[in-house]
Amino acid sequence: MSDDTSVTITNNEAQGRYEARVDGELAGILEYQLGEGTVLFPHTEVHPQFGGRGIGAQLASRAVREAADKGLSMIPACWFVRGWIDKHPEFAGYVK
């Protein structure tokens, strides 16, 4: 990713998803569903024109770290989130 590209990750609680925006344009999402002490991550998607820039990893990092900070057990149904957690074993103890 070039230094002149601004990526912003926000939690859109109303829609149950994290959103990545590049210079204001929606670049990708990571959906979640909260349960009783758990969070399910069913889907991550990065729009093709933004692929290869690490946006999916930024979404996963933000979502997993925030869930861990809240002490939530995680259900990474999305293969991408599961792969991100596999690469960051410090979060393995949160996986349900």
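Colleague: What makes up the accessible surface of the protein chain?

Modeller: The surface comes to about 5,400 Å² (Shrake-Rupley method, 1.4 Å probe), and carbon and sulfur atoms hold 48% of that area. This is a predicted model, in which local features need pLDDT of at least 70, side-chain atom pairs count only at pLDDT 80 or more, and totals for chains, interfaces and linings use all residues. Residues are numbered from 1 along each chain as its sequence is written, and side-chain values use heavy atoms, with hydrogens and water left out.

Colleague: Which pattern of helices and strands does the protein chain follow?

Modeller: Along the sequence the pattern is β-β-β-β-α-β-α, where helices (H or I, at least four residues) and strands (E, at least two) are DSSP runs numbered from the N terminus.

Colleague: Why is the chain called as compact as a globular protein of that length?

Modeller: Its radius of gyration, taken over C-alpha atoms, is 13 Å, and the globule rule (2.2 Å times the number of residues to the power 0.38) gives 12 Å for 96 residues; the two values are close, so the description applies.

Colleague: How do you know that H1 has a span close to the expected one?

Modeller: Helix H1 (residues 55-69) has 15 residues and reaches 21 Å from its first C-alpha to its last. The expected span, 1.5 Å times one less than the number of residues, is also 21 Å.

Colleague: Which residues of H1 are called buried?

Modeller: Among them are Ile55, Leu59, Val64 and Ala68, each with under 20% relative accessible area (1.4 Å probe, protein chains only). Their cover includes strand E3 (25-34) and helix H2 (79-87).

Conventions
Buried < 20%, exposed > 50% of the residue type's maximum accessible area, 1.4 Å probe, protein only. Contact = heavy atoms within 4.5 Å.
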